[in-house]
Every structure is written in structure tokens, then in C-alpha cells.
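User: Please take a close look at one part of this structure and explain how it fits with the rest. I am a first-year student, so keep the wording plain.

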Amino acid sequence: MWKRLLLFAVLGAAVRAQPAKIVGNWLGTLEAGPQKLRMGLHITANDKGELTSSLDSLDQNALGIPIKQTTFTNNKLHLDILAPPAQYDGTLNSDGNEIAGTFAQGGARLPLQFKRVDKIPGRASRPQDPKPPYPYDSEDVSYENNGIHLAGTLTLPRGQGPFPAAVMITGSGPQDRDETILGHKPFWIIADYLARRGIAVLRVDDRGVGKSSGDSTQAAFDDLSGDVLAGVEYLKGRKEIDVKHIGVIGHSEGGMVGPLAATRSSDVAFVVMLAEQECRLSKPSIPIYRKPN
């Protein structure tokens, strides 16, 4: 009996030691054609040996990219990166100081080797990030669409209203209300810009993201346009909003959902569609469709 207990104790120690080998800070360089991106990886383990990690794309000023799942078995590391969706599979060398593997996103598979470091360099500041003091008010709001709970943020200009308003529509894939990608928050920046100029903005977590329920990956365009119109309906109930000037701003796939929502409701006064390449310009030319009176 004591031999069996001893064996269990040895096996338990081995299991606990396994994740400890991979815990720490790691630094590598992802080469995507002519572009070279420094990647930082931070792995920790709790008392049960369960691993958690986060990824930094240092040259894109993105810190703390969420990783949905981190597993390490037989010196094999697997990372399931949440947003943007990607995977990393690597093997820890015998010295425990290098991980050689492959970063996969979409159809691309790129080699990525990490080396253990004491500290990961910090990210640079983003000059375009909104900074206080804010000359407008922000409010967490929520509403329903056919049993789906939708949560978001409403930015309201100060002063005498009512104010025109816009509902933001994210692109494809699960997105939060700021459409956060690699630490960049374009919808927050747009909301800040518009609110400072007298336009209220409603930006919302996609289904299944943040504080919204449901699953956006299972939603059809009709469902998504219904979510947009639920936002329009919510704004109509706010005394601060000019109900005759409520529109939608859609990015990428949202540029298709927005016009669909406009065809389903006379309450949508305007549609703004943001194309991918236009979002990269410092002063984008934004096509605007206005419905005939």
C-alpha cells in the first residue's frame, strides 16, 4: 500500500513540475514578409498548475492580447488566441530556454521562436487614445432583442440637446464594444471624436462578448441587423437624442449590416460605411448614404 501511495506522490509531483517548466516571460520575432513584429509571451500558473497567458505585439503597441486556452504537455505548448483568432504551437527545448513553433492565423502559418527573458519590454503609448478630461458623459446601457441581452456604452455630448446619434456596428468575428484589436480601440476613438462634436454614439458588445448574451458566430445578417435596430429603438427612448437624426456606422462586415438595417426601418436617417483600407488612413474619406426624404 505504501508503495502505491509513494507512486501517486511521485506522479503528482511530476504533473506539478510540468507546467512550471514553461512559466515565465518569453520574447520572439514574427516575420510576416518584410514586416517584423516582436512578440512577448507571459505565462503563469496557479496553485493547481493551471496555466494562463497573454500575448504582446510590441511593435503594434498591443499589450495583453487575451489567450483563451494555454496547454503544455510533454514539452508541447498550445495557445488558443482569442482576438484576433489565432493559434500557436511550439516545443520547449531540453534546456528550457527556447520554444520553437508556428503561429497560425487564417490560412497563414509563420515560424515563431521564443526565448526566455527576465522582462518583456513595455508598449509605447497610443497618441490617438482618448484622454481626459472628457467634455461629454459616458454611460453603460443595456437592452434586449428577441431574448438577447445587449450591453454597451453611450457617449452623450454635454449641453442643450437633443443630439443626433450613431449606432456603431462591428466587423466580422466576435468583437467588443470598442472593436478592440491588438490593443487598438477604433470605436472608442470614433465615439470620442463624434461626442466632442455634438454627436451621441452607442457602441455595443457583440453577441457572446463582454456583457452581451448569445453567440454572434451563429447569428445571421437578419439577426445582426435586428440587434442594430434594437439599439436604434433604445436611442429613440432617450430624451437626449434627436429621434429624426439617428444613423448607423458600420465597419467592414458592419458596412453590409448597416444598409440592411436601414432598409428595414424608416428610423435610420443615415448610413456610414467604413472600408478596411480607409480605416488605415489618417483622414479617411468615408462614403455616406443618406436615405431619400
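Analyst: The model is predicted. A good place to start is serine 212, which counts as buried at 6% relative accessibility; the cut-off for buried is under 20%. Serine 212 sits in the loop between β12 and α3. Leaving out residues up to four places away in sequence, serine 212 touches His149, Leu150, Ala151, Val204, Asp205, Asp206 and Arg207.

One of these contacts, Arg207, leads further. Arginine 207 is buried as well, with a relative accessible area of 12%. Arginine 207 forms a salt bridge with aspartate 227, and the closest N and O atoms of the two are 2.8 Å apart. This pair links distant parts of the chain: arginine 207 lies in the loop between β12 and α3, aspartate 227 lies in helix α3, and 20 residues separate them. Aspartate 227 also counts as buried, at 11% relative accessibility.

Arginine 207 has a further contact in helix α3, namely aspartate 223. Aspartate 223 is placed in that helix and touches Asn145, Arg207 and Gln218, not counting residues up to four places away in sequence. Aspartate 223 is partly exposed, with a relative accessible area of 31%. In sequence, aspartate 223 and valine 257 are 34 residues apart, while their C-alpha atoms are 9.6 Å apart in space.

Helix α3 also takes part in the nonpolar interior. The largest nonpolar core has 27 residues, and those with the most contacts inside it are Leu202 and Leu235. At least two residues each come from β9 (136–145), β10 (148–157), β11 (163–169), β12 (200–204), α3 (221–236), β13 (241–251) and α4 (254–264). Of these, α3 gives the most, with six residues. Leucine 235 shows how the pieces meet: beyond its neighbours within four places in sequence, leucine 235 is in contact with Leu154, Ala165, Val167, Leu202, Ile241 and Ile246. A second, separate core has 23 residues, including Leu41, Ile43, Ile65 and Ile81.

Next come two other helices. In α4, the buried residues are Gly254, Gly255, Val257, Gly258, Ala261 and Ala262. Seen down the axis of α4, these fall within an arc of 160 degrees, so they line one face of the helix. Their cover includes β11, α3, β13 and β14 (270–274). Helix α2 (residues 186–195) is largely enclosed by the rest of the structure, because seven of its ten residues are buried. Those buried residues are Pro186, Phe187, Ile189, Ala191, Asp192, Leu194 and Ala195. They pack against β9, β10, β11, β12 and β13.

Helix α3 has another charged link. Lysine 236 forms a salt bridge with aspartate 267, with the closest N and O atoms 2.9 Å apart. Here too the pair links distant parts of the chain: lysine 236 is in helix α3, aspartate 267 is in the loop between α4 and β14, and they are 31 residues apart. Lysine 236 counts as partly exposed at 31% relative accessibility, and aspartate 267 counts as partly exposed at 24%.

Another salt bridge joins the side chains of glutamate 240 and arginine 238, at 3.0 Å from N to O. Arginine 238 counts as buried, at 13% relative accessibility. Glu139, Arg238 and Glu240 are linked in a network of salt bridges. The structure holds eleven salt bridges.

Finally, there is a barrel. Eight strands close into it in the order β1-β2-β3-β4-β5-β6-β7-β8, with antiparallel pairing. Neighbouring strands of this sheet are turned by 30 degrees against each other on average, ignoring direction. One of the pairings is between strand β5 (residues 76–81) and strand β6 (residues 86–92), which are antiparallel over six bridges. Lysine 76 has threonine 91 in β6 as its bridge partner. In general, strands of a sheet pair through backbone hydrogen bonds, either parallel or antiparallel.

To return to the starting point: serine 212 is a buried residue in the loop between β12 and α3. Its contacts include Arg207, and arginine 207 is tied by a salt bridge to aspartate 227, a residue of helix α3.

Note on methods: Residues are numbered from 1 along each chain as its sequence is written. This is a predicted model: local features need pLDDT of at least 70, side-chain atom pairs count only at pLDDT 80 or more; totals for chains, interfaces and linings use all residues. Side-chain values use heavy atoms; hydrogens and water are left out. A nonpolar core is a set of buried Ala, Val, Leu, Ile, Met, Phe, Trp, Tyr and Cys residues joined through side-chain atoms within 4.5 Å. Buried means under 20% relative accessible area, exposed over 50%, partly exposed in between (1.4 Å probe, protein chains only). Helices (H or I, at least four residues) and strands (E, at least two) are DSSP runs, numbered from the N terminus. Contact means heavy atoms within 4.5 Å. Two strands pair if DSSP finds at least two bridges between them. Axes are lines fitted to C-alpha atoms, for helices over the stretch in contact, and angles run from 0 to 180 degrees between N-to-C directions. The arc is that of the directions from the helix axis to the C-beta atoms. A salt bridge is a side-chain nitrogen of Lys or Arg within 4 Å of a carboxyl oxygen of Asp or Glu.
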